Amino acid sequence: MIISFSTQYPLIKLTEHQNGVVDTFILKEDVIVKIDCVEILIPNGFITDGTSSPRSFWGWISPTENQFFVASLLHDWNYAAEIFPRSKCDTIFFESLKEL
């Protein structure tokens with residue numbers, strides 16, 4: 001499986017909730033992912049939680065400022081859009097981590 005991303009660090013906006021906690025991010029540009037010969041568009045405006053790391057770990061590994069963010073973004077999009085069965089989404093996620 002060959003996976004490539006149009007960008008490694010897409011533009012995002014932090015989303016603040018009523019309690020002031022930032023725990024989701026809004027994609028501010030389209031991201032195109034190629035999986036073998038198939039192109040997947042993750043659209044501007046998609047909301048993700050990044051790498052789902054606990055907030056207490058953000059000092060060591062930010063949910064967005066690391067090389068794995070785009071893989072997490074793809075994983076969240078595949079789950080939300082239901083493009084593939086969840087087991088295939090997980091396989092694609094692990095394969096995309098190898099590509100980064």
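# Notebook: helix 1, its sheet and the contacts around them

I began with the burial of helix 1 and listed its buried residues as Phe69, Val70, Ala71, Ser72, Leu73, Leu74, His75, Asp76, Trp77 and Asn78. The model is a predicted one, and I keep that in mind for every entry below. Because 10 of the 13 residues of helix 1 are buried, I note this helix as largely enclosed by the rest of the structure.

I then looked up the geometry of the same helix, which runs over residues 69-81 and reaches 18 Å from its first C-alpha to its last, close to the 18 Å expected at 1.5 Å a residue. After helix 1 comes Glu82, and I recorded that its phi is positive, near 55°.

**Overall layout**

For the protein as a whole I counted two helices and six strands, and along the sequence these follow the pattern β-β-β-β-β-β-α-α. Of the 100 residues in the protein, 35% are buried. I also looked at contacts between residues at least 6 apart in sequence, and of these 49% join residues at least 24 apart.

**The sheet**

Which order do the strands take in the open sheet of three strands? I read the order as 1-4-5, with antiparallel pairing. Strand 1 (3-5) and strand 5 (38-42) are the edge strands, each of them pairing on one side only. From one strand to the next, the twist averages 20°.

I went on to the pairing of strand 1 with strand 4 (residues 31-35), where three bridges join the two strands and the run is antiparallel. Within this pairing, Ser4 has Lys34 of strand 4 as its bridge partner.

Next I checked what packs on the sheet. Helix 1 does so, touching strand 1, strand 4 and strand 5, and its direction makes about 90° with that of strand 5. Helix 2 (residues 86-99) packs on the sheet as well, touching strand 1 and strand 4, with its direction at about 70° to that of strand 1.

**Glu39, on an edge strand**

I picked Glu39 because it lies in strand 5, and I wanted its surroundings. The residue counts as exposed, with Glu39 at 52% relative accessibility against a cut-off of over 50%. Beyond its neighbours within four places in sequence, Glu39 is in contact with Ile32, Val33 and Lys34, and Lys34 is also the bridge partner of Ser4 noted above. I recorded one further distance here: Glu39 and Phe5 are 34 residues apart in sequence, and their C-alpha atoms are 9.7 Å apart in space.

**Residues of helix 2**

Is Ser96 of helix 2 buried or exposed? I found Ser96 buried, with a relative accessible area of 0%. Not counting residues up to four places away in sequence, Ser96 touches Ile3, Phe5 and Ala71, and Ala71 is one of the buried residues of helix 1.

Asp90 also has its place in helix 2, but I noted this residue as partly exposed, at 27% relative accessibility. Leaving aside neighbours within four places in sequence, Asp90 is in contact with His75 and Tyr79. Between Asp90 and Tyr79 the separation is 11 residues in sequence and 9.1 Å in space, C-alpha to C-alpha.

**Aromatic pairs**

How many aromatic pairs does a search of the whole structure find? The search gave two. One of them is formed by Phe46 and Trp77, an edge-to-face pair with 5.1 Å centre to centre and 90° between the planes. Since Phe46 lies in the loop between strand 5 and strand 6 (47-48) and Trp77 in helix 1, the pair ties together parts that are 31 residues apart in sequence. Both Phe46 and Trp77 are buried.

**Cysteines**

Last, I looked for disulfides, and the count comes to zero. I noted the burial of two cysteines: Cys37 is exposed, with a relative accessible area of 80%, whereas Cys89 is buried, with a relative accessible area of 0%.

How values were computed:
Residues numbered from 1 in each chain as written. Predicted model: local features only at pLDDT ≥ 70, side-chain atom pairs only at ≥ 80, totals over all residues. Heavy atoms only, no water. Helix = DSSP H or I, 4+ residues; strand = E, 2+ residues; numbered from the N terminus. Expected span 1.5 Å × (residues − 1). Buried < 20%, exposed > 50% of the residue type's maximum accessible area, 1.4 Å probe, protein only. Pairing = 2+ DSSP bridges. Axes fitted to C-alpha atoms, helices over the stretch in contact; angles between N-to-C directions. Contact = heavy atoms within 4.5 Å. Disulfide = S-S within 2.5 Å. Phe/Tyr/Trp six-rings, centres within 6.5 Å; stacked < 30°, edge-to-face > 60°.
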